[in-house]
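Me: I am in my first year and still learning to read structures like this one. Please take a close look at a single part of it, and explain carefully, step by step, how that part is put together.

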Amino acid sequence: MIPVPTGTRVWLATGYTDMRRGFPSLALQVQEVLHKDPLSGHLFVFRGRRSDLVKVIWHDGQGACLFTKRLERGRFIWPSVGGETVTISPAQLSYLLSGIDWRTPQETQRPTRVG
């Protein structure tokens, strides 16, 4: 998991992104399309067309980081709002990267008694 500092926001770029892009072109997209500062220390998450690949860019104050994750099975759950950004919490990002529906996470088992 990415060590997200306190106060860091996570932005999802809605829609699809060309996954051949690297940090420079994704940072340019953050500036020009999302109207955010890619060097602000916040995380920006992009999804590919098939929904099985995401890229996260983050500038940690020392340098640029580019994280990539591809699901072997399933798809990443993504907001249906087009052309906008959506803010999620770092905990929701953890769910998203695990392939869990971050909008309504469910407990898999709740104990009914102790012992």
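Reply: A word on names comes first: helices (H or I, at least four residues) and strands (E, at least two) are runs assigned by DSSP, and they are numbered from the N terminus. With that in hand we can place a residue such as Ser51, which lies in the loop between β2 and β3. Please keep in mind throughout that this is a predicted model.

The part I have chosen is the sheet, together with the helix that packs on it. The chain has two helices and five strands, and from the N terminus on its elements follow the order β-α-β-β-β-β-α. The five strands form an open sheet, but within it their order is β4-β3-β2-β1-β5, and the pairing is mixed. β4 (64-70) and β5 are the edge strands, each pairing on one side only, and the twist averages 25° from one strand to the next.

It helps to recall that strands of a sheet pair through backbone hydrogen bonds, either parallel or antiparallel. Strand β1 (residues 10-13) has a partner of each kind. With strand β2 (residues 43-47) it runs parallel, joined by three bridges, and here Val10 stands opposite Leu43. With strand β5 (residues 85-88), on the other hand, β1 pairs in the antiparallel sense over four bridges; in that pairing Ala13 has Thr85 as its bridge partner, while Trp11 stands opposite Thr87.

Which way do the side chains of β1 point, and are they buried or exposed? Val10 and Leu12 point one way, Trp11 and Ala13 point the other way, and all of them are buried. Along β5 the side chains alternate as well, yet with another outcome: Val86 and Ile88 point to one face and are buried, whereas Thr85 and Thr87 point to the other and are not.

Now turn to β3 and β4, which pair in the antiparallel sense over seven bridges, with Lys55 of β3 standing opposite Thr68 in β4. Helix α1 packs on the sheet by touching β2, β3 and β4, and its direction makes about 80° with that of β3. The helix covers residues 23-32, and together with β1 and β2 it makes a right-handed β-α-β unit.

How does α1 present itself to its surroundings? In an α-helix there are 3.6 residues a turn, so residues three or four places apart point the same way. The buried residues of α1 are Phe23, Leu26, Ala27, Gln29 and Val30. Seen down the axis of α1, these buried residues fall within an arc of 155°, so they line one face of the helix. The elements that cover them include β2, β3 and β4, while on the other side of α1 Pro24 and Glu32 are exposed.

One residue of β3 deserves a slower look, namely His59, which has its place in that strand (residues 53-59). His59 counts as buried because its relative accessibility is 18%, and the cut-off for buried is under 20%. Leaving aside residues up to four places away in sequence, His59 touches Pro38, Leu39, Gly41 and Ala64. In addition, a polar atom of its side chain lies 3.3 Å from the backbone nitrogen of Gly61.

Finally, consider two loop residues and their backbone angles. Most residues other than glycine have a negative phi. Ser51, however, has a positive phi, near 70°, and at 8% relative accessibility it counts as buried. His35, in the loop between α1 and β2, also has a positive phi, of about 60°, although it is not a glycine. Unlike a buried residue, His35 is exposed, with a relative accessible area of 64%.

Note on methods. Residues numbered from 1 in each chain as written. Heavy atoms only, no water. Buried < 20%, exposed > 50% of the residue type's maximum accessible area, 1.4 Å probe, protein only. Pairing = 2+ DSSP bridges. Right-handed = clockwise from strand over helix to strand, strands pointing away. Polar contact = N/O pair within 3.5 Å; in protein donor to acceptor, adjacent residues only side chain to side chain. Contact = heavy atoms within 4.5 Å. Axes fitted to C-alpha atoms, helices over the stretch in contact; angles between N-to-C directions. Arc of directions from axis to C-beta.
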